[in-house]
Every structure is written in C-alpha cells, then in structure tokens.
Amino acid sequence: MFSLVYVSFAAHDLSDEELKDILKVARETNQQLGITGMLLYRDGFFIQVLEGDEDKVKALFARIAADPRHRNVLTVHTGQVESRRFPDWTMGFNKLSDSDLDQLPGFTDFLSRPDDGTLFTQNSDRVLTLLDSFRNRSYY
Ligand SMILES: Cc1cc2nc3c(=O)[nH]c(=O)nc-3n(C[C@H](O)[C@H](O)[C@H](O)COP(=O)(O)O)c2cc1C
C-alpha cells in the first residue's frame with residue numbers, strides 16, 4: 001500500500017460549495033480507483049493524503065497537481081504503509097483550526113509568508129501526525 005502526502009495553496013479562498021464540488025468528484029473517482037485518504041483545508045492551503053495502489057496514486061496525484069484550483073503543490077512524504085490509515089474515507093475532509101495547527105512549530109510565521117511550503121516539507125512527521133488526528137472525523 002502506497003501513501004503520498006502533499007501540501008498546496010489554493011488559487012483563491014474556496015467556499016464550502018467549491019470544496020464540496022471537489023469532494024464529490026474526488027469521492028466518486030477514488031471509489032473507482034480504490035484510493036482512500038483525507039483532505040485538510042484552512043485559509044488558502046490544503047494538506048492531502050492519498051493511499052492505494054502506487055501507480056494509481058501517482059497517476060491521480062499528477063492529475064490533481066495540474067488542477068488550477070491550487071498551485072505550488074509540494075510533496076511532503078511518500079512511502080509504503082502496511083495498511084490504510086484512512087480506510088473509512090474515499091476522501092475525508094476537515095477544516096483545520098488554530099489548535100490543530102499548534103502542532104506545527106513556526107505556523108504563526110508561516111501566516112506572514114503563506115506560500116512557503118517549507119514549513120510543511122521540513123516538518124513532515126508533524127504533518128503526518130496532524131493528518132492521523134483526523135482518522136475518525138470528516139466535516140462533510
Ligand atoms: C485540493 C484538491 C484535491 C483533490 N483531490 C482529488 C481526489 O482525491 N480525487 C480526485 O479524483 N480528484 C481530486 N481533485 C480533483 C482533480 O484535481 C480533478 O479535478 C478531478 O479528478 C477531475 O479530473 P479530470 O478533469 O482530469 O477528469 C482534487 C482537487 C483539488 C484542488
């Protein structure tokens with residue numbers, strides 16, 4: 001089982017309707033591809049984990065990365081996992097709160113230069129822990 005985590009920056013602040021549109025398509029496609037995962041959103045940035053067959057995850061990621069609704073798509077982590085971390089979600093979704101982000105040191109600085117993904121790529125362990133904390137929750 002292959003897992004890929006990335007962070008990206010929204011082309012603009014997305015409304016709930018736009019987020020729901022993304023999820024509707026994502027859930028249908030992921031169901032067909034046997035892909036599960038979690039999408040987190042907050043003030044203009046996304047964190048997403050995709051898990052499933054390696055070739056399928058990589059092919060889907062290439063499509064997602066080309067989506068004009070976000071940019072500066074940075075891979076945070078890739079690797080094999082023994083079993084799915086998010087078996088319940090063809091794509092779970094949660095909004096990140098301030099207290100969720102307290103887990104990421106330097107986040108306050110990040111807000112002043114919000115396109116700098118190094119906060120996430122250099123703290124990949126913490127990003128994975130943050131994602132894990134949403135295993136049992138989906139906002140819609
Ligand atoms: C942040 C973000 C996450 C996305 N996640 C997924 C996903 O998990 N699965 C998926 O099929 N599409 C996802 N999409 C949508 C794809 O980028 C794409 O629009 C969709 O797969 C339709 O692809 P197509 O236009 O090539 O048919 C996501 C888009 C964004 C902006």
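## A tour from Asp 43 to the ligand

Start by selecting Asp 43, which is placed in the loop between strand S2 (36-42) and S3. The model on screen is a predicted one. Asp 43 counts as exposed because its relative accessible area is 54%, and the cut-off for that word is over 50%. Now look at the backbone of Asp 43: its phi is near 30 degrees, a positive value in a residue other than glycine. Most residues other than glycine have a negative phi.

Next, select Asn 72. Asn 72 is not a glycine either, yet it has a positive phi of about 50 degrees. Asn 72 is found in strand S4, which covers residues 70-80. Is Asn 72 buried, partly exposed or exposed? With a relative accessible area of 32%, Asn 72 is partly exposed, because that term covers values between the limits of 20% and 50%.

Stay on strand S4 and select Val 76, which is also found there. Val 76 has 11% relative accessibility and so counts as buried, the limit being under 20%.

Keep Val 76 displayed and add Gln 122. Where is Gln 122 found? Gln 122 is in the loop between helix H5 (118-121) and helix H6 (124-132). Gln 122 is exposed, because its relative accessible area is 63%. Draw a C-alpha to C-alpha distance from Gln 122 to Val 76: the two are 46 residues apart in sequence and 8.1 Å apart in space. This pair joins a buried residue, Val 76, with an exposed one, Gln 122.

Now move the second end of that distance to Val 127. How many residues separate Val 76 and Val 127 in sequence? They are 51 residues apart, while their C-alpha atoms are 8.2 Å apart in space.

For the next stop, select Ser 8, which has its place in strand S1 (residues 2-10). Ser 8 counts as buried because its relative accessibility is 0%. Show side chains and add His 70: the side chains of Ser 8 and His 70 are joined by a polar contact of 2.7 Å.

Turn now to the ligand, which sits in the largest pocket. Select its shell of 16 residues. The closest of them are Asn 30, Gln 48, Arg 63, Asp 67 and Arg 69.

Colour the shell by secondary structure. Which elements each supply at least two residues of the shell? They are helix H1 (16-33), strand S3 (45-52) and helix H2 (54-65). H1 gives the largest share, five residues. Recolour by class, and the shell around the ligand shows nine nonpolar, four polar and three charged residues.

Finally, pick out three side chains and check their distances to the ligand:

- Asp 67: an N or O atom of its side chain is 2.6 Å from an oxygen atom of the ligand.
- Arg 63: here an N or O atom of the side chain is 3.1 Å from a ligand oxygen atom.
- Thr 29: a polar atom of its side chain lies 3.4 Å from an oxygen atom of the ligand.

End with the ligand in surface view. Taken alone, the ligand exposes 610 Å², of which the protein buries 78%.

Terms used. Residues are numbered from 1 along each chain as its sequence is written. This is a predicted model: local features need pLDDT of at least 70, side-chain atom pairs count only at pLDDT 80 or more; totals for chains, interfaces and linings use all residues. Side-chain values use heavy atoms; hydrogens and water are left out. A residue is near a molecule or strand if one of its heavy atoms lies within 4 Å of it. A polar contact is a pair of N or O atoms within 3.5 Å; within protein, one must be able to donate a hydrogen and the other to accept it, and residues adjacent in sequence count only if both atoms are side-chain atoms. Accessible areas come from the Shrake-Rupley method with a 1.4 Å probe; for residues, only the protein chains shown count as cover. On a 1 Å grid over the protein atoms alone, a cavity is a set of points where a 1.4 Å probe fits but cannot get out, and a pocket is an open set with protein on both sides within 12 Å along at least five of seven lines; lining residues have an atom within 4 Å of a point. A molecule sits in a cavity or pocket if more than half of its atoms lie within 2 Å of its grid points. Helices (H or I, at least four residues) and strands (E, at least two) are DSSP runs, numbered from the N terminus. Ala, Val, Leu, Ile, Met, Phe, Trp, Tyr, Cys and Pro count as nonpolar, Asp, Glu, Lys and Arg as charged, and the others, Gly among them, as polar. Buried means under 20% relative accessible area, exposed over 50%, partly exposed in between (1.4 Å probe, protein chains only).
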